[in-house]
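Visitor: I'd like to learn how to read charged pairs and cysteines in a protein model. Could you walk me through it?

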Amino acid sequence: MNKRIFALVDCDNFYVSCERVFNPKLKGKPVVVLSNNDGCVISRSNEVKELGIPMGAPMFKYEDMIKKYKIEVLSSNFTLYGDMSRRVMEILKSMCPDIEIYSIDEAFLSFDYFTLHNIDDYIKKIREKVLKWTGIPISIGVGETKSLAKIATKLAKKRKELNGTFNIIGRSDVDEILKKIEIRDIWGIGSRFEEFLKKNEVYTAYDYKYLPFDWVKKHLKTVGLRILLELNGIPCIEMEFIEKPRKTICTSRSFGKDLEDFKDLKEAISTFITISSEKLRKQKSLAKILSVFVMSNPFKEGERYYKMSTVYLEKPTANTSELIERGVEELRKIYKKGILYKKAGVVLSGLIDENEQQLSFFISSYKGSKEENLMKTIDLINKKIGRDSIFPGINGIEKPYKMRQLKRSKNYTTRWEEILIVKS
Amino acid sequence: MGRKKKKIKLPLYSSKVSAGFPSPADDFIDKTLDLNDLVIKHPQATFFVRVSGNSMINAGIKDGDILVVDKSLEPVEGKIVIANVEGEFVLKRIRKKNGKLYLFPENSDFNPIEIKEGMECEIWGVVTYVIHKTI
């Protein structure tokens, strides 16, 4: 039988690890990285995990602990994390060409059977190379399926003595391991599945593995069956090598401070549309539907307000100016005076491939048009000389809604003015 | 009147047609030189840093210079390295003397750092090139 080997690579505390590469003072200290706007914890060092601060914790609830344990608090720096992620992924690819980049800090690798006899050594080598070349520690788990690889990675992270790698294939104690894995930690089990399974006394990956096939088929359908087979070592979730274009593109932000004026909101919405349409063009799509939404601050007293407005575009487009014009029209419909707005966003949907636009007598093609050329030129300039070198004037310059990022580190790897300074 | 000027559309050729003799160099054109090819051997492991201070001046590294640093290389004796000593980045040369390990400056105004047991010292990367502005 043609046996498959899957490995899941997961960077340890990725955002914190990126910060530590360029700031050695953070080593061994409790560190957290906050979400855009400094709202919630999105990455924790092991020291912080041990203190019991959960992922996603809102900052204001933990101010006392931060003072007490002298936790280093950093704003997120996605430019830096993106570049470090690229480096890690490129190294992984050089050591295993069958790679599926799953997220900014996770990737699946797929190996052929013939490498089985030295897979343990090989994943150790991968781990050492990534650590040495980039300074980023990673954990690697290996299994016969993606689901088992994911479980192996969890163990590699948890058990210190494993030094970050674990291979579950061919072990006699697989069932013992699965007994210690809660069902919520199985890949693909959501909260609704979890609730249902617990009601039926399925608590661990082991319990799930030995469920009757027909029972799973009846109650959990195909998704549940796939998990059952995967836990039994039969691969059902294939590698996805090609990045699928997204079906919707959403850009939304919480504002650094509440906004009241229409003008400020207009600038924010225009900026979000600029970002979204850039992403739209990058994946070579056109949008047919544009939605704009605004909401009030749920943590403050006063009227609760949430409104969304949607427009269908008769001519699918990726033209920033046109989308902004339509977006501002929609914003005008939902804007209400006297509300303190905390958040706003835009969603582009009904996306089609730019080559598949249906043409009619009245609707001209976006592809090959002057507007397409203009957009391409703008994208090229922004790519060459830096983000936002050219942007629509309507977006404003002061940006009163701008993210609150008090302690963002420098763009050490992408801006000459911000590279690391070393004392000589 | 109201007569419009008739526009004649001409095709635009993207390749140039030259009238004279073809250049004798045409068959020998190579790609242009890219400085990255020369100074970056391991792109994923290469970082740039800026120097502050003159402790390495005799090695040709001056205040304000930009260094190419390769994290993938082995930090062996004689190499100039970026090291993290007690939470601080320093730029020095690795030296061994009488069985002791040092981070050595290249300027007599500065003192070498002896690496002792229990000290926090980690080599961050090996310096491979110096970019020094001369104008």
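Visitor: Let's start with Lys376(A). Which residue does Lys376(A) form a salt bridge with?

Guide: Here's the general idea: side chains of opposite charge can pair when their charged atoms come close. Keep in mind that this is a predicted model. In it, the partner of Lys376(A) is Glu372(A), with 3.4 Å between the closest N and O atoms.

Visitor: Where do Lys376(A) and Glu372(A) sit along the chain?

Guide: Both belong to helix H13 of chain A, which covers residues 370-385. They are four residues apart, so about one helical turn separates them. Lys376(A) is partly exposed at 48% relative accessible area, whereas Glu372(A) is buried at 5%.

Visitor: And what about Lys333(A) and Glu330(A): how do their side chains meet?

Guide: In a salt bridge, at 3.0 Å from N to O. These two lie three residues apart in helix H12 (residues 320-334) of chain A, so again the separation is about one helical turn.

Visitor: Is Glu330(A) buried or exposed?

Guide: Buried, with just 1% relative accessible area. Lys333(A), on the other hand, counts as exposed at 58%.

Visitor: Which residues are linked in a network of salt bridges?

Guide: Look at Asp83(A), Arg86(A), Arg87(A) and Glu90(A), which are linked that way. Take one pair from the group: Asp83(A) and Arg86(A) form a salt bridge whose closest N and O atoms are 2.7 Å apart. Helix H4 of chain A (residues 78-95) holds both, three residues apart, which means about one helical turn between them. Asp83(A) is buried at 9%, while Arg86(A) is partly exposed at 37%.

Visitor: How many salt bridges are there over all chains?

Guide: A search of the whole structure turns up 27.

Visitor: Now the cysteines. How many disulfides are there over all chains?

Guide: The thing to check is the distance between sulfur atoms, since a disulfide needs a pair of them within 2.5 Å. Here the count is zero.

Visitor: Why does Cys18(A) have no bond?

Guide: Because the closest cysteine sulfur, the one in Cys11(A), is 7.5 Å from its own, which is too far. Cys18(A) is also buried, at 0% relative accessibility. Cys250(A) is in no disulfide either, its nearest cysteine sulfur being that of Cys40(A), 17 Å away. With a relative accessible area of 42%, Cys250(A) is partly exposed.

Note on methods: Residues numbered from 1 in each chain as written. Chains lettered and ligands numbered in written order. Predicted model: local features only at pLDDT ≥ 70, side-chain atom pairs only at ≥ 80, totals over all residues. Heavy atoms only, no water. Salt bridge = Lys/Arg side-chain N within 4 Å of Asp/Glu carboxyl O. Buried < 20%, exposed > 50% of the residue type's maximum accessible area, 1.4 Å probe, protein only.
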